[in-house]
Amino acid sequence: MKGAWLVIALVGLLAGCVDAGDPPWWLDHDRIVAVRLEPPAIQPGESAMVDALIAHRGAPTTDDQPVAATVVSPRALFTAVHYNLDHWQIDCPPVAEQTSLVVEMRFPAGEVATKTVVLGDTHANPAAPALAVPDPVPLHQDIALGDAEWFTSCGTLDASRTTLRVDEPCDGELVGVVRDLGGGVAWQVVPLHAQ
Amino acid sequence: MARADDVDREIGGVPGAFGDSLQSLELSPSYTLVPVDDVPAGIAIRDADPSRVKLFVDGFEVPTLLAGGRSLFFAGISSERRFDDGMDLAYGGATGGGLEIDTQAANGRWSQAALTVTDATVASTALHSLYGGPFAAGMRFSFLEPRRGRDLDLVTAGEHFDLQGRQEWRLSGHWSLAFTPIATEGGDNGFARATLTARYRDGGWQGTLAASALQGVSRESVDTRADFKRELRNVGGLKALELRIGENTSLAEVVQGAATPTQFDGGLWAALGAALGANVVALGGARLEIFDTQVALSPRGTIAALFGHIGVGLTASAYRQAQVDRDVTPERATEVTAIVQRRWTHQRISVTGYYIDRSRILVEPSATSVGTASGVGTATGIEARESWFGRHWTAYFAGAISHATRADRFTAPDHPADLDAPLRFDAVVAWHDHGWRIGVRGQLRSGLPYTPVTGAVYDGDTDTYSALYGKPNSDRAPFRRELDLRVDRQLGTHLHAYLDVAFNGGTLGYTYSDDYSQQLAIRAPPVLPWVGITGNL
C-alpha cells in the first residue's frame with residue numbers, strides 16, 4: 001500500500017495540468033444539448049419537423065427551431081428540406097428503399113448541427129424522461145434521477161450523471177434527455193430551486 | 001555532420017535534463033524533443049518533425065531512441081552523433097536530419113549503476129573475456145512512466161526493460177568483428193535490433209561490412225551496410241585525398257493498417273574528399289536513393305577552411321524521403337548551411353546560418369481537397385552557441401532566431417510550420433568545487449503555432465461535436481520559460497548523486513472541452529524535482 005501511495009505521489013510530481021473546463025453536464029454554458037426530429041423516420045408523403053434544446057450561459061435553455069437548413073447527403077435529395085411558412089421541415093420524397101438523409105441546420109445564436117432522418121421508414125420518438133425532483137431541492141442530499149442523460153445548472157452530477165447533489169442554494173434547470181437507436185430523441189426540462 | 005559537442009559532460013549534467021542524455025540534446029537550439037501525452041517521444045531537428053528525422057544505432061535505423069520520455073542508451077557503451085547541419089553521404093532517406101547512437105568499444109573494466117525517480121540502469125563490461133573478446137552490456141528497468149490519458153487523467157504506462165550489449169572479437173591484425181544487440185519492450189515503438197559489423201583496416205584502406213535485423217511492432221526488416229575508404233597522401237598536388245564508396249539496403253515488412261507491404265530502401269553513394277591546401281578541405285559526392293521503384297539522386301558537398309583560430313564551413317546538401325504511398329515522388333529537402341567557429345583557450349563560439357527548401361510534402365486530405373504531395377516550405381535561421389570554461393565556473397549560452405513556413409502548394413498562401421519557433425534562448429551557468437557542482441539553467445522559447453478552433457458542429461445522431469478550424473497555425477502558444485537548478489555531489493570515490501529541479505508552470509499547448517466551446521491550457525508542472533544516484537567501479 002505504501003508503494004501505491006509512493007507511485008501516486010511521484011505521478012503527481014511529474015504531472016502537468018489542464019485548465020478545468022465546464023463538465024459536460026453543466027447547463028450554464030452555450031451549447032446544443034440535443035436535436036430532435038419529429039418524427040425521426042418518415043414515409044413518402046410524410047413530413048418531419050426539427051427543433052433543438054439549446055443551453056445558454058446565464059440564461060435558461062431554449063427550444064429553438066433552425067433558421068437555416070440544408071441537405072448534406074445525399075445531395076440529390078436537396079429538395080426534401082425546405083422552408084414552409086415559418087419553419088423548416090423535411091418532406092419525404094418517393095424512395096425505393098430506406099435512405100438516410102443527413103441535414104445540416106443553423107440555429108439563431110449561430111450553433112450548427114447535423115441530424116439524420118430516415119426516409120422510407122416509420123419510427124417515433126421515445127417518451128420524455130420522468131422527472132421526480134422535490135421542490136425545493138433539499139441541500140446536501142443525493143437525489144437519484146433515473147435512466148437518462150442528465151444536465152443541470154444548479155448543483156452537481158456524479159460521474160455516472162444519474163445522481164444530483166446540491167450543496168448551496170441556487171436556481172437553475174435540470175434537463176433529462178433520452179435517445180434511442182433509431183435516432184429518436186426526447187427531453188424534459190424542469191426548473192430547479194434549491195435551498 | 002556535426003559531432004556532439006559534449007557540453008553536457010563539460011558542464012557536468014545539464015540542469016533540467018534530469019540526467020538524461022537525449023533531454024540534454026535540447027541544449028542545442030537545433031533539437032526539440034516532441035512530446036506525446038506530455039512525455040518526450042520524438043526528436044525534431046529545426047523545422048523537421050520526428051517523422052522526418054531518422055534515428056540510427058550503429059548505422060541502422062531504429063523506431064525510437066526514447067521510451068517513457070528517457071533515452072534508451074546507456075552511459076559507458078554509447079555515444080551520440082548528430083546530423084543537424086547536414087547528413088553524411090552514408091545516410092539518407094530522411095529530409096530532416098538524424099541522430100545516431102554508436103555503441104562504443106567494450107574495452108577496459110568498469111561497471112556503472114544508476115537509480116533515478118523512474119528507472120534503474122546497470123551497465124558493465126565483463127570481468128573476463130567472453131567468447132574470445134571483450135563484452136559489455138547495459139540494462140535499464142523503468143518502473144514508472146508518466147503519461148496523460150485521453151481523458152486527460154494521469155496514468156502510469158507500466159514498467160519495461162531496455163537492453164543493450166556489445167561483444168567484440170579481433171579476428172586478425174586487420175579484421176575485427178562486433179555484435180551489438182539493442183532492445184526495448186513495451187509501447188508502440190518497442191523493438192529489438194541485432195547488428196553484426198566487420199571492420200577492416202590496412203594502411204590507407206578501411207572498410208565496414210554490416211548486417212542487421214529489426215523486429216519492431218510495426219516494422220520487421222533485414223538490413224545491410226557497407227562502406228570502403230581509401231586514403232592517399234600527396235596525390236596530384238593535393239596533400240591528401242580520400243575516396244569513399246558505400247551502400248545500404250533495407251528489406252522490410254511494414255504494418256500499414258491491415259496490410260503489411262514489403263518495402264525496399266537502398267542507397268548507393270560515393271564521396272571524394274581532398275585537402276586543397278594546408279587549411280582547406282573539400283568533400284563532395286552523391287547518393288542514389290532507392291525507394292522501391294522510386295530513384296532519386298542526392299548530391300552533397302562541403303568546403304571548410306581554417307584561418308588562424310577561426311574555422312568556416314559551407315555545406316550544401318540534398319535529401320530525399322519516401323512517401324507513405326511509395327508510388328508518389330519522394331519528399332525533397334535542399335539545405336545550405338554556413339558555420340563560423342572561433343576557439344580560445346577557455347572559450348569557443350560558433351554561429352550557424354541555414355536555409356532549407358522543402359518540396360513534395362504530403363498535404364493531408366481535407367473536406368475540399370484530396371491529399372497530394374504538393375506541399376512546399378522553407379526554413380531559415382541563425383543559431384549561436386558560446387561555451388566558456390573557467391577553473392570553477394562553466395557557462396554555456398545558445399540562441400536561435402528562425403522562421404519556418406509551409407504552404408499546401410506553390411501558389412497557396414504560406415503559414416508557420418508546426419515547429420516554427422522564431423526565438424529560442426538557453427543559458428547554463430555551473431559552479432564546481434570540492435565535489436560539489438551547482439548549475440542553473442534558464443530557457444526561453446517561442447510557443448509553437450497551432451490552428452485555432454473557431455467553432456464546432458454538433459452531431460445530433462451521436463451526441464458529439466466536431467471542430468471547425470481557423471487558418472492553419474494562425475495562433476501561437478505563449479513563450480515557454482523554464483528555470484532549472486541542479487546540484488551534484490560526489491560521494492566518495494565511486495558514488496555521485498544529483499538533485500535536479502525544474503521550475504516551469506508555463507503553457508505547453510491547448511486542448512478543448514468536449515464541445516470545443518472552451519480552450520483549455522495544458523500547463524507544465526510548476527515544480528518538477530528529480531533525484532538520481534550513480535555508482536562507478
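# Side-chain contacts in a two-chain model

R46(B), D84(B), D85(B), E335(B), E383(B) and R385(B) are linked to one another in a network of salt bridges. The model in which this network appears is a predicted one, and every value below was computed from its atoms. Over all chains, the structure holds 41 salt bridges, and the network is a convenient place from which to begin. One of its members, R46(B), also takes part in a contact of another kind, since the charged end of R46(B) sits over the ring of Y354(B), 4.1 Å from the ring centre.

Three further salt bridges in chain B can be followed one by one. In the pair of D88(B) and R244(B), the closest N and O atoms are 3.3 Å apart. This pair links distant parts of the chain, 156 residues apart, with D88(B) in the loop between β8 (78–83) and β9 (98–103) of chain B and R244(B) in strand β20 (residues 238–254) of chain B. As to their surroundings, both D88(B) and R244(B) are buried.

A salt bridge is also found between D426(B) and R441(B), whose closest N and O atoms are 2.8 Å apart. Because D426(B) lies in strand β30 (residues 423–433) of chain B and R441(B) in strand β31 (residues 436–445) of chain B, the pair ties together parts that are 15 residues apart in sequence. Here, too, both partners, D426(B) and R441(B), are buried.

In the third of these contacts, the side chains of D49(B) and R52(B) meet in a salt bridge, at 2.5 Å from N to O. D49(B) counts as partly exposed because its relative accessibility is 25%, whereas R52(B), with a relative accessible area of 14%, is buried.

The aromatic side chains come next. A pair of aromatic rings is described by the distance of the centres and the angle of the planes. The structure holds twelve aromatic pairs over all chains, among them that of F83(B) and Y91(B), whose ring centres are 4.9 Å apart and whose planes stand at 40°, so the pair is tilted. The reasoning behind that word is a matter of cut-offs, because planes under 30 degrees apart would count as stacked and planes over 60 as edge-to-face, with the rest taken as tilted. F83(B) counts as buried at 1% relative accessibility, and Y91(B) counts as buried at 6%.

Another tilted aromatic pair is formed by Y458(B) and Y465(B), at 5.0 Å centre to centre and with 55° between the planes. Y458(B) is buried, its relative accessible area being 0%, and Y465(B), at 16% relative accessibility, counts as buried as well. Returning to F83(B) and Y91(B), the reader will find that ring pairs link these two residues and F56(B) into a cluster.

Chain A offers a contact between a charge and a ring, in which the charged end of R161(A) sits over the ring of F151(A), 4.9 Å from its centre. Chain A also contains a covalent cross-link. A disulfide is a covalent bond between the sulfur atoms of two cysteines. The count comes to one disulfide over all chains, and this disulfide joins C154(A) to C170(A), with 1.8 Å from S to S. The link of C154(A) and C170(A) is right-handed, with 70° about the S-S bond. Since C154(A) lies in the loop between β12 (149–152) and β13 (156–157) of chain A and C170(A) in strand β15 (residues 170–179) of chain A, the pair ties together parts that are 16 residues apart in sequence. C154(A) counts as buried at 1% relative accessibility. Another cysteine of chain A, C92(A), counts as buried at 6%.

The surface of chain B carries a nonpolar patch, formed by L171(B), W175(B), L209(B), F228(B), L243(B), I245(B) and L272(B), which together have about 640 Å² of accessible area. Within this patch, W175(B) has its place in strand β16 (residues 175–184) of chain B, and at 33% relative accessibility W175(B) counts as partly exposed.

A nonpolar residue in another setting is I77(B), which has its place in the loop between β7 (70–71) and β8 of chain B. At 0% relative accessibility, I77(B) counts as buried. I77(B) and L55(B) are 22 residues apart along the chain, and their C-alpha atoms are separated by 17 Å.

Definitions and conventions:
Residues are numbered from 1 along each chain as its sequence is written. Chains are lettered from A and ligands numbered from 1 in the order in which they are written. This is a predicted model: local features need pLDDT of at least 70, side-chain atom pairs count only at pLDDT 80 or more; totals for chains, interfaces and linings use all residues. Side-chain values use heavy atoms; hydrogens and water are left out. Rings of Phe, Tyr and Trp (its six-membered ring) pair if their centres lie within 6.5 Å; planes under 30 degrees apart count as stacked, over 60 as edge-to-face and the rest as tilted. Buried means under 20% relative accessible area, exposed over 50%, partly exposed in between (1.4 Å probe, protein chains only). A charge sits over a ring if NZ of Lys or CZ of Arg is within 6 Å of the ring centre and within 35 degrees of the ring normal. A disulfide is a pair of cysteine sulfur atoms within 2.5 Å. Helices (H or I, at least four residues) and strands (E, at least two) are DSSP runs, numbered from the N terminus. A salt bridge is a side-chain nitrogen of Lys or Arg within 4 Å of a carboxyl oxygen of Asp or Glu. Patches are made of residues with over 30% relative accessible area and no salt bridge: like charges are joined within 9 Å, nonpolar side chains (Val, Leu, Ile, Met, Phe, Trp, Tyr) within 5 Å. Accessible areas come from the Shrake-Rupley method with a 1.4 Å probe; for residues, only the protein chains shown count as cover.
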